[in-house]
Amino acid sequence: MKSNEMRLILYQLRIQKGYLRVWLGYMTGAVLIMNEAMAYVRYAKDMGQAIQILEPFMVAVNNPNTVVFVVIGWLLVISSVPYLDAASMHAVYRTDHKRWNRAVCMTIIIQAFLYYAVLLFATVVISIPYGYWGNCWSYPLVSLSSGTMAVDVMFADRQLVNTETLYCVFGHSFFLMFLYAVLIGVFTYAASLAFSRRIACVMGVLFHFLGFEIMKEGMGMIITCSALAHSIAVLQLGDNAMESISQTYLYFCISIWFLIQLCGKFIRWFDLPAIGKGE
């Protein structure tokens with residue numbers, strides 16, 4: 001990556017730091033994921049057992065009823081991504097369309113990683129007093145995966161816990177959610193170039209909730225037809241997986257690459273003088 005592109009990325013991140021929507025997005029995501037994580041912590045506390053400190057994060061991001069709302073915080077964050085508009089026009093004039101486009105895409109990727117890193121940190125903080133770091137499933141989670149009912153708490157079946165290590169499931173859980181966030185972010189950015197910023201934000205929301213509806217009502221097609229379902233690791237791990245985890249990574253990488261290429265095509269259509277007039 002060239003130094004001028006890195007400066008553009010840092011410039012965009014500094015601008016976003018001043019947007020209330022970005023802070024609100026991070027806080028919304030943290031509050032929602034901590035609500036689910038605390039439900040699991042209370043469940044383990046009532047049993048009088050310690051937990052692995054990464055388990056609350058995994059329980060939260062692998063619960064379809066929780067993750068659909070956690071992504072709302074990310075949608076708020078990407079609504080403030082510095083799309084090509086009057087405010088960014090002068091920066092574009094100092095470089096070119098291609099470099100600006102690459103910088104925006106990299107900013108989306110960095111923001112997606114930061115978003116889920118912050119959410120992970122929030123769940124770890126509330127877990128430390130009750131947990132340990134070892135690569136070993138805790139008794140509360142094994143009990144939960146065995147079918148023990150707990151209010152608002154759910155996880156995969158016992159077969160997954162028996163066949164996969166904790167760190168393996170955690171790694172897939174984090175990176176699949178990260179890739180899903182990048183996919184939505186780049187999709188929204190591409191839509192903003194093809195249409196407008198407001199329309200793009202609406203399309204991003206519809207894309208996310210359409211994925212949830214397909215996952216909820218799609219019968220046996222939930223993985224194939226729903227990007228959100230692809231982001232839930234426990235659906236793709238173990239002997240009872242609905243789809244190969246390697247195919248899921250390939251799905252995300254190809255989709256993101258295609259959208260980035262599409263952004264490169266769309267950005268050539270922009271008339272900078274018209275943007276500067278607010279048209």
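**View 1. Met27 and its place in helix α2.** Let's start with Met27, a residue of helix α2, which covers residues 20–47. The model shown here and in the views below is a predicted one. Met27 joins Leu20, Trp23 and Leu24 in a nonpolar patch on the surface. Taken together, these four residues have about 460 Å² of accessible area.

**View 2. Helix α9 alongside helix α13.** Here we turn to helix α9, made of residues 166–194, and helix α13, made of residues 245–266. Their axes come within 9 Å of each other and cross at roughly 25°. Angles under 35 degrees count as roughly parallel, so α9 is roughly parallel to α13. And which residue classes make up the contact of α9 with α13? By class, there are 21 nonpolar and 4 polar residues, with no charged ones. As for handedness, the crossing of α9 with α13 is left-handed.

**View 3. Helix α4 crossing helix α6.** Our last close-up pairs helix α4, residues 64–78, with helix α6, residues 97–127. The two axes come within 11 Å and cross at roughly 140°. Why is α4 called oblique to α6? Only angles over 145 degrees count as roughly antiparallel, and 65 to 115 as roughly perpendicular, so the crossing at roughly 140° makes α4 oblique to α6. The handedness of this crossing, where α4 passes α6, is right-handed.

Methods. Residues are numbered from 1 along each chain as its sequence is written. This is a predicted model: local features need pLDDT of at least 70, side-chain atom pairs count only at pLDDT 80 or more; totals for chains, interfaces and linings use all residues. Side-chain values use heavy atoms; hydrogens and water are left out. Patches are made of residues with over 30% relative accessible area and no salt bridge: like charges are joined within 9 Å, nonpolar side chains (Val, Leu, Ile, Met, Phe, Trp, Tyr) within 5 Å. Accessible areas come from the Shrake-Rupley method with a 1.4 Å probe; for residues, only the protein chains shown count as cover. A salt bridge is a side-chain nitrogen of Lys or Arg within 4 Å of a carboxyl oxygen of Asp or Glu. Helices (H or I, at least four residues) and strands (E, at least two) are DSSP runs, numbered from the N terminus. Axes are lines fitted to C-alpha atoms, for helices over the stretch in contact, and angles run from 0 to 180 degrees between N-to-C directions. A crossing is left-handed if the near helix is turned anticlockwise from the far one by less than a right angle, and right-handed if clockwise. Ala, Val, Leu, Ile, Met, Phe, Trp, Tyr, Cys and Pro count as nonpolar, Asp, Glu, Lys and Arg as charged, and the others, Gly among them, as polar.
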